[in-house]
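Work through the exercises below with the sequence and the 3D view at hand. Each task is followed by its solution.

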Amino acid sequence: MRTKFPTIRRNEKRKTQPSQNITNNKKDDLSMGNSEYDIIVVGAGCAGPAAAKKAAELGLKVLLLEKSQKPGEKNVSGTCLNMAALVDPDLQYLMKGPIEREITEMHTYMITPERTTMMRETPSEGLILLSVRRDEYDAWHTEEAKKAGAEVKLSTTVMDIIEENGTITGVVTDSGEKYFGKVIIDAAGVNSIIGRKAGLIPKRKGDKMILYTILNVWLGEEVVNERFGNSIYYFLGPNTQHKTWPWIFPKKDVVTIGTGGYMDDDLFKGDIKSVNDYMQNLIDLPIIKEKLEGGKVEAWGLHLEFDEEVEKRTKDRLILTGEAGGFVIPFLGEGMPEALFTGIYAAEAAAKAIEANDFSAEFLEEHFMSRINENVFMQSFRYIADLNKKSIMSMPDQEIAAMMQNVVIGGGFISNAIHTSWMKGAEEDDMGLVQDAKDFYDLIQPYRQVGSESVEIYKKMRAEK
Amino acid sequence: MKVDMKVDYYPGDTGEFIKVDEEKCTGCGDCAKFCTRNVWVKDGEIYRPKNLKDCAECGACWNICDFDAVIFGEPKGGTGVRFEFG
């Protein structure tokens, strides 16, 4: 199967540059100073607490730093957890967190000046998503990391990295405190100062970055139940988005609405001067206007989503996770599971590095990426996104609308990805592509229907809560 | 319903976490164009982040600037924008 994750060069010679200030022997833990840790995790969004919890469970001395007063309050979006990912044994504990709504349905609307087409899809017998509020959920997750033994410091912004002989050995906070770690896990989001200072996160725009705005509308639980139920909603309408898919996700008593587009020259044109104009056009669509009648804007938000991977996720003693590492697929609205998985895998790779006393970028990458490359969820979503994004970025709006209609009728992006590869293979007489499509079809079978088994796991986890 | 940019902020001084590099700024205005919060304002030949108190910390200005003229840091711990319902 073709994916864009880089293959690992296993035979490459590893170079280790142990820092003079850092001892690599586990037995030295007791003699560690107050500011010395095995692992420092920066950012308590999705990836950070997952990494800190896992590292603490592996017996490591962990520090988790977060810039907000309450974890999640710097997070604008990431509103639904995908059950297809949550059934993975590594992520099942996340079902115990504060859930706003259990999502079982999906509605997709195609809106043109002539007509509105509504397709109702129920892709699962069971739960498809769990809707969450990040300011509640990330705070809960951070508490879980703390319970596992991680030390947590809130209202603490990392402003700089400490480098010794070209190797990152620690971080400096806004109050000038210095913390040293054998491995630093960067979970500080799309514009992470650590990844930028380490030279791994470049500037991005055009078809590599999405600017998105979010509107939270309070309606009250009864009204949300009545008008939105347990369904998420996708829309494609005139002047309501720029090569992305606006959506409405219901929480308990508010609904979250999102739209925006790729940061290219066409994002703002004509009457569109800001992403707020796309949002206004969206909520003015009669079908949405009706659903929001009587509601009140509770909160507005704005954020960027990176839509292309960073080239390298590791440096000596450093691993980039979540959005900092480009582990997000805004095209499909997927980011939280990728962050959660990569947080856990980074903690495991760091533990292996400490065990082997090898902190080189190559060692960390090998152990980090091998888990990612085995992850069915991450691989299949990347495949789906790649093929669909290629179609969409190359088409004018009218053709996108037509394609979207076919996609909707044909069962969504998964079908489109399979169909695209298969047809291209047939047209070009390239059996490799056809085989690709077939391999992918086989690969995603366990994930196509998150059925009764997942509901059983969910019930068990909620009972344990 | 009108799009109301209802944004909450923690109390406290964020520090000057976005600055312009005066030498590098060409006055092209991309920072202002891509800023949804009108943080960037033209001042003579260049742009300055004069309304930093309104910043939503998205980083669009830093990413979009072709001339590396936007110095984009972080607000002090526990300050700056605060999102609910994310």
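Helices and strands here are DSSP runs, helices of at least four residues and strands of at least two, numbered from the N terminus. The model is predicted.

**Exercise 1.** Place A:S192 in chain A, and decide whether A:S192 is buried or exposed.

Solution. Step one is to find the elements on either side: A:S192 sits in the loop between β11 (178–186) and α4 of chain A. Step two is the relative accessible area, which is 0% for A:S192. Buried means under 20%, so A:S192 is buried. Step three is to list what surrounds the residue. Leaving aside neighbours within four places in sequence, A:S192 is in contact with A:D186, A:I201 and A:A324. In addition, a polar atom of the A:S192 side chain lies 3.4 Å from the backbone nitrogen of A:G195.

**Exercise 2.** Describe the build of chain B: which elements does the chain have, and in what order do they run?

Solution. Begin with the count: chain B has 2 helices and 6 strands. Reading from the N terminus, the order is β-β-α-β-β-α-β-β. Next, take burial: of the 86 residues in chain B, 53% are buried. Then turn to contacts between residues of chain B at least 6 apart in sequence; 65% of these join residues at least 24 apart. Last, chain B exposes about 4,000 Å², and carbon and sulfur atoms supply 45% of that area.

**Exercise 3.** Characterise the interface of chain A and chain B by its contacts and its buried area.

Solution. First count the residues: 61 of chain A are in contact with 38 of chain B. The size of an interface is often given as the accessible area lost when the parts come together. For chain A and chain B the buried area is about 4,200 Å², with 56% from carbon and sulfur atoms. On the chain A side, A:E73, A:K203 and A:W300 lose the most area to chain B, together 18% of what that side buries.

**Exercise 4.** Find the polar links across this interface, and say which element of chain A gives the largest share of the side that touches chain B.

Solution. Start with the charged pairs: 5 salt bridges are found across the interface. One of them joins A:K67 and B:E74, whose closest N and O atoms are 2.9 Å apart. Polar contacts link 29 residue pairs across the interface, both residues at pLDDT 80 or more. Several elements of chain A give two or more residues to the side that touches chain B, including α3 (134–147), β12 (206–218) and β16 (296–306). The largest share, 9 residues, comes from β16(A). By class, this side of chain A has 24 nonpolar, 19 polar and 18 charged residues.

Technical notes
Residues are numbered from 1 along each chain as its sequence is written. Chains are lettered from A and ligands numbered from 1 in the order in which they are written. This is a predicted model: local features need pLDDT of at least 70, side-chain atom pairs count only at pLDDT 80 or more; totals for chains, interfaces and linings use all residues. Side-chain values use heavy atoms; hydrogens and water are left out. Buried means under 20% relative accessible area, exposed over 50%, partly exposed in between (1.4 Å probe, protein chains only). Contact means heavy atoms within 4.5 Å. Accessible areas come from the Shrake-Rupley method with a 1.4 Å probe; for residues, only the protein chains shown count as cover. Buried area is the accessible area (1.4 Å probe) that two parts lose on being put together, summed over both. A salt bridge is a side-chain nitrogen of Lys or Arg within 4 Å of a carboxyl oxygen of Asp or Glu. A polar contact is a pair of N or O atoms within 3.5 Å; within protein, one must be able to donate a hydrogen and the other to accept it, and residues adjacent in sequence count only if both atoms are side-chain atoms. Ala, Val, Leu, Ile, Met, Phe, Trp, Tyr, Cys and Pro count as nonpolar, Asp, Glu, Lys and Arg as charged, and the others, Gly among them, as polar.
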